[in-house]
Structure formats: structure tokens, C-alpha cells
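Let us take a walk through this structure together. We will begin at a single residue and widen the view step by step.

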Amino acid sequence: MSAEASPPGRPPGRVAILGAIRRHLRRGALPEDQAAMLRARLAAHPRHLIPARSRLSRAGQVALFIANVEKEFGSVARLADARAVPGAIADYLAQQNLPSEIVMAPHPELREIPWAERPLLKLRAGRAEASDLVSLQQGFAAIAETGTLMLPAAPERPTTVNLLADTALVLLRASRIVGAYEEAWDLLRAERRDPLTGGFMPRNVMLVTGPSRSADIEQTLELGAHGPRRLHILLLDDDEAARATPESVPK
Amino acid sequence: MLSTSPAFKENAHKAIADVGLQKALTRTKPHFQGRRAKAVEALPEFERLREIGRDIKNHTLANLDFYLETWAGNVERAGGQVHWCATADDARAAVLGICERVGAKTVTKGKSMISEELGINEHLEQHGITPVETDLGEYILQLRREPPSHIIAPAFHLNREDWEESFRRAHTDLPADRVFRERRDILTEARAKLRARFLAADVGITGANFLIAETGSSVIVTNEGNGDLTQTLPRVHIVLASIEKMVPTLEDATNMLRLLARSATGQDFSVYTTFSTGVRREGDLDGPEEYHVILLDNGRSAMLGTEFQDMLRCIRCAACMNHCPVYGVVGGHAYGWVYPGPMGAVLTPTLIGIDQAGNLPNASTFCGKCESVCPVKIPLPKMMRHWREREFERHLTPGAVRTNLALWGFVARRPGLYRLATRIGAGVLGWLGRRRGRLSRFPFAGGWTAGRDLPTPEGETFFARYASEQRGKRGRA
């Protein structure tokens, strides 16, 4: 249902705004053939120019992703497989002098990790609360072009896990790193069905590039404004092609 | 927000004499310009992306009614509500209506220039609801009860001592003798204070950088994460968006996003670029239960089909003000309303009237830098000229200016007289400055010569020189 702001004596907002637009464009509602062309454009959602920088081999794209994450003050640990995750997390938390209590997104990929090998890690699966210091999220995909994670909301991937903890850990499979944003949108279009709309778009999609920051005080960059101060990515090398030597070390 | 744009000249004088502001301007300029230049240089396709960005926006504006209806249908399918607000009054009433219906006591807010345009904070306060700005810059401005001076760096005009002083005055529950050793301590204190606000808020209000017709999404772009906490934690999310934020598809939005951060802060991409589509889904553990978009026109539709239509392409990156020599000297407050700099000089007269804002399109050197850095190639200087013409037509231009313009026009339309007058002028000035080549005082130009000398002509007029060079060329041919 559409709410109409309609003070007495004036047409409802929707009628007023659409009418004003058409009047100033000097036409009525679009004729059906033109509307059909626009609907076809929406259905085709054509890509525009994609910068060449991410057109690399698989290994090159992974290397570019890592370089860009680090440029944006994040960090990456490359791991052979899921069995290496508990140890890598325990080591990272010890290095950073952080507690070993973690709120974890209730994602099957995270649940299947053999946590029992590191009994000192205390995990809670669910949404994050303001008191959580460390969180672990599952990465849906990532974009090499700018070192960006794509984190669509879902019951198994709560948004609060991206935001509330001081230290955000993200598990990402190397096979999910793509070159450009457009390729990540294609993954979302192909793989997701929204229970409410029947479309692919979830309630929330966050594209995250590095840890939270602000330059509001004298234009000087400080990390950890309202979101995480640290962003650490655990990158699982599940992509054979990505393990080759990259063609060039990207800037 | 009340406008002080009619007092631009006095505002500018005060700004130039403001030591703290001048310190901030000097500190900031190399950051604003240098960071953008570096990011643009690193992306060889940038120029082509600007052209595509311009074309996407032009296509959307030409079909804006279609895309708004498509978008609204998709918002509603995702459980959201669109509030079509033709005027600022409608929009304020819609926001207040939602807040009152859900019994809101406090409302957290992400950064939104539409919110400034509407004066939402004052409106909520008058009705007993407490708004809390959560963007760090907006937060301190709210403590100081000041408007923003820049559309993306709202508190750039403040210096560190201002931050410390305001925090000590506002956070009286903390020890008065605490020390802020570094900027990070100021940030940490704000983070702790605002965390509690995020958790207590009943409603979260954000702006929108884009609306996407294809999916019914609104997009916000932030570095702090405050916008995301604002729209994730409270039960109700309200988006404030004006009609021209529309783009058709995710691919179109992606092109605009490649331009936005680079033009704004010189980042390749902002930290958080977030697409919101409707309400919390079944099984979701977080997210708002209500999603409202306040869709604001407030004079924008009347720009369509006019010489100001191109202004609706603006994506609010602030590159124009960051590169403007006038903004660089007077800062943002002097412009007297919500939108400063070149984009404000064009937009403000359409939104509050040329009679109020006539000074702004005159506050330009016409150097053209704003247009050259605009990510969607808005011809800002040309539109400022259109405003000057309208101001003149409506007899709003001051009498002395009109008289001088009429005099100049009389001479300029008579080429023989014009050449004679310029020859005499150049001769007299050249003779006056024959020793030093410049004058430190000149009648009726005291304002100009107070800060610098006037160089005097050396020799003949442009016309005379051009004519003799043409003769020379023909002689050679």
C-alpha cells in the first residue's frame, strides 16, 4: 500500500509529483511502446564500461583483491582449507591481544568448521550484540577491483555481524573472488531467491571495503569510527587456478 | 532551514576574517584536491565513466515518471512504503507521523542533506522527539547547534580544539580533567556515547545516495558505518530521498559508484556501500520491521524541461566546492543555506528563489574548474549565467550594477566606439603604470586593489594586436 501525503485541497503526493514531472517534460504518461523499451532495458540490465584493472587470471584477481584489502587497512590470511581456520583465528586473536570469544553468523559453512580442535575459542552462533568484541561472518563473494566484500543479509548472514564488533573476521573462499562488481551482482542474481519478493535482492546487501573509519576530525584518517576497527579476512584457497603465480604484482 | 543567503557579502567578509575557518580551509584544500587527483589518475577509464554517468542520469531524468513508478512498485513488493511528498511540509509531516505512530522517543540519524533541507531535527524536537546525529561530523555540529559547512565533510571548518571544547561541554558525565592525547581519543569518546544512542533509538533516519528502480532499493555510502547501524538496529527505518536520486539498474548504480567515492574523498570505494530493500525477511535475525521512503520533490520536478535540468544529475560528491576558488576562501556557511559551493549556487535559487539566493550565482570567478571535475559533467558556470540573466530580467540586480551593465552594453554594441574607448583606457592605464607596470590603487576598485595590485596594459588593445597579426599572416601567405 502506498501512503499518500494529501493535505486537503491538493492532489495526493503521487499524482502531484508524477503530474508535475510529465508537465515539465511536456508529455503525458509514456506511450506503451516506449514503456516496453524501458522494461526491456530493466530486464536486460546492460553492463557499462568495466575498468580493465581486474581483467586478470584467477591468480591475478586474488592477488589484486589482497593488495586492495591491504591498501584499505584490512588484512588477509591465506589458508589451505577449512581445517586451518580455528588455528588461524586463535593465532590472530592472540597476536592482537584479543579475547577468544566470538559471535559467529549461523552459516552452515561456518558451523562445519572443526572448531573442537581449538576448545579455547568460545563461539556463539547468532546476531551480534553491542557487547561482542570479535565477530565472524561468511563472505558471499568479493570484488578484486577495489578489495570489496559482498555481504548480503540472510537468516544465516545477519547484518549486525558486519557492524557491531570491534574486530570483524570474514571467511571467504578464493573461488568467490570476482574481478568487477558486475560479476558479483551476477552471482547474486543467479544464486539468491528472496522469500518475500521472489526476486534476487535480499533486504540488505553490504559492500565492505576495509575497516570503518572517519576523517571528520581535521581531515585526518582514524580507523574504527562506529563499525569495526579491524577487518581480517580468512581466505580459503579452494580455487586451483588461483594458486598459480599471478601474472603481475598489482599496485 | 532559514536562509542567510541574501547576506552572502557580509557572510563572506566575516568568513575571510575568521582565523579558525581560514586555518581549516588551508589545511583541507590539499586533501580535497590531491586525493581526488590521485584516484582519478589511477583509473584510466575515468573520463569515459563520467560520460556514461552523464548519459545514465539524462536517460533516467527523461523517463523519471516511469522509473519512479517502477521503483515504488518494487519497494512495496518488499514490504516498504513510499510517501510521495510534493513539498517540504508534506515530508516533515510524513516523518513526524511515522515517529508518532510508533511512539518514538529518540531517533538516530545518518548523514542526509535532504534532512537539512527539511529541517527535520528542529521539527522533531518541537514535537518532543529527540533526534541524534550519528555521523561524527554531524554529531559535533548538533552539539554546537551549527549547520554543516560542506556536503560530505560537514565539520571540516572545526579545529581540534573546537572538538575537545564541545565534547567537554556536552559529555558532563565524564571526568572534566580527562586528556585528549590524540584525535583517536576524541573518536573513541564519540563512539562510546553514540553506541548507547544506536541501541536506544526507536527509529533510524538515513538519506540515500541512489534509488534503484529495478530492485526498489535505496543506497547509502559511508565510511564510519553509522548509517548502517542507524538503519539496522531500530525497529523502523526511514529513508529521506529526493526524486532525482533514481537510477534504473544495479549496473547503472555501479557506474555511478565508480565515480562517487573517487570524486568525493579520493577513495576508490567507500568503506560501506549498502543497498536496502524493504523490511526484515522471515527468519532474519536483525533488520528493521518497517521500511519507509520519504520521496521528496520540493521544486525539483519544475527544473525538468528548463535550462536547469542538468543540475538534477548531481550526485552530491562535493568535487565542485572542493575545487572552487570562492568556496576555498569563504567556506560553506557564507552561502547561507544547505548547499554551498558551485552546486549550491545553481540549486539554491531553484529551491528557495532567486530573490533570496541571487548573490550565490554571482559568487563565481567563472574559472570553470567545477565543471571540469564534475563526475556527471554538469555545466555549472553556464547555469550560473542563466541565473544571472533571470536575476537581471526580474530587476533583482542592484541599481549600480544595472547602470554599469547598461553602459557597457551600449558601448559593446557599437564596435567603433568600443575600440576607441578601449584604446583610450589602455593608453591611460599604461601611462599611469608606466614605471611599475601595476597600480596599487584604482578608483571604484578599492575592494580589488586592497588585496593585490592591478597590472596595467603594456601597449595596444587586443583588437589592434589581433588585426595586425592577421595582416602579418596574410602578408606571409
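A good place to start is A:Val62, which sits in helix α3 of chain A, the helix that covers residues 58–71. Is A:Val62 buried or exposed? In this predicted model, A:Val62 has 26 C-beta neighbours inside 10 Å, and because the cut-off for a buried residue is 20 or more, A:Val62 counts as buried. Leaving aside residues up to four places away in sequence, A:Val62 touches A:Ala174, A:Ile177 and A:Ala242. The chain also brings together residues that are far apart along it: A:Val62 and A:Arg243 are separated by 181 residues in sequence, yet their C-alpha atoms are 8.9 Å apart in space.

Now step back to the whole of chain A. Of its 251 residues, 45% are buried. Chain A contains seven helices and 13 strands, and its C-alpha atoms fill a box of roughly 70 × 45 × 45 Å along the principal axes. If you take the contacts in chain A between residues at least 6 apart in sequence, 72% of them join residues at least 24 apart.

Some of the strands of chain A are worth following by eye. Strand β3(A), residues 101–104, runs parallel to strand β4(A), residues 122–125, and four bridges join the two. Within this pair, A:Glu101 has A:Lys122 as its bridge partner. Strand β3(A) also pairs in the parallel sense with strand β5(A), residues 134–138, over two bridges; here A:Met104 is partnered by A:Leu136.

Another sheet takes in strands from both chains. Which strands form it, and in what order? Eight strands make up this open sheet, in the order β9(A)-β6(A)-β7(A)-β10(A)-β9(B)-β6(B)-β5(B)-β8(B), with mixed pairing. Its edge strands are β9(A), residues 177–178, and β8(B), each of which pairs on one side only. At the chain A end, strand β6(A), residues 141–143, runs parallel to β9(A) and is joined to it by two bridges, with A:Ile143 and A:Val178 as bridge partners. Where the chains meet in the sheet, β10(A), residues 204–208, lies antiparallel to β9(B), residues 272–276, and five bridges join them. One of the residue pairs there is A:Leu207 with B:Thr273.

The contact between the two chains takes 88 residues from chain B and 70 residues from chain A. On the chain B side, 36 of these residues are nonpolar, 29 polar and 23 charged.

Crossing into chain B, we find an assignment of two domains, domain 1 (43–298) and domain 2 (413–476). Their centres, taken over C-alpha atoms, are 53 Å apart.

Our last stop is helix α3(B), residues 46–62. At 1.5 Å a residue, its 17 residues should span 24 Å, and its end C-alpha atoms are 24 Å apart, so the expectation and the model agree. Which residues of α3(B) are buried? They are B:Leu49, B:Arg50, B:Gly53, B:Ile56, B:Lys57, B:Thr60 and B:Leu61. Seen down the axis of α3(B), these buried residues fall within an arc of 125°, so they line one face of the helix. An α-helix has 3.6 residues a turn, so residues three or four places apart point the same way. The cover over the buried residues of α3(B) includes α4(B), β8(B) and α12(B), while B:Glu47 and B:Glu51 are exposed on the other side of the helix.

Technical notes: Residues numbered from 1 in each chain as written. Chains lettered and ligands numbered in written order. Predicted model: local features only at pLDDT ≥ 70, side-chain atom pairs only at ≥ 80, totals over all residues. Expected span 1.5 Å × (residues − 1). Buried ≥ 20, exposed ≤ 12 C-beta atoms within 10 Å, placed from the backbone. Arc of directions from axis to C-beta. Contact = placed C-beta atoms within 7 Å. Nonpolar A, V, L, I, M, F, W, Y, C, P; charged D, E, K, R; others polar. Pairing = 2+ DSSP bridges. Domains from an automatic or database assignment.
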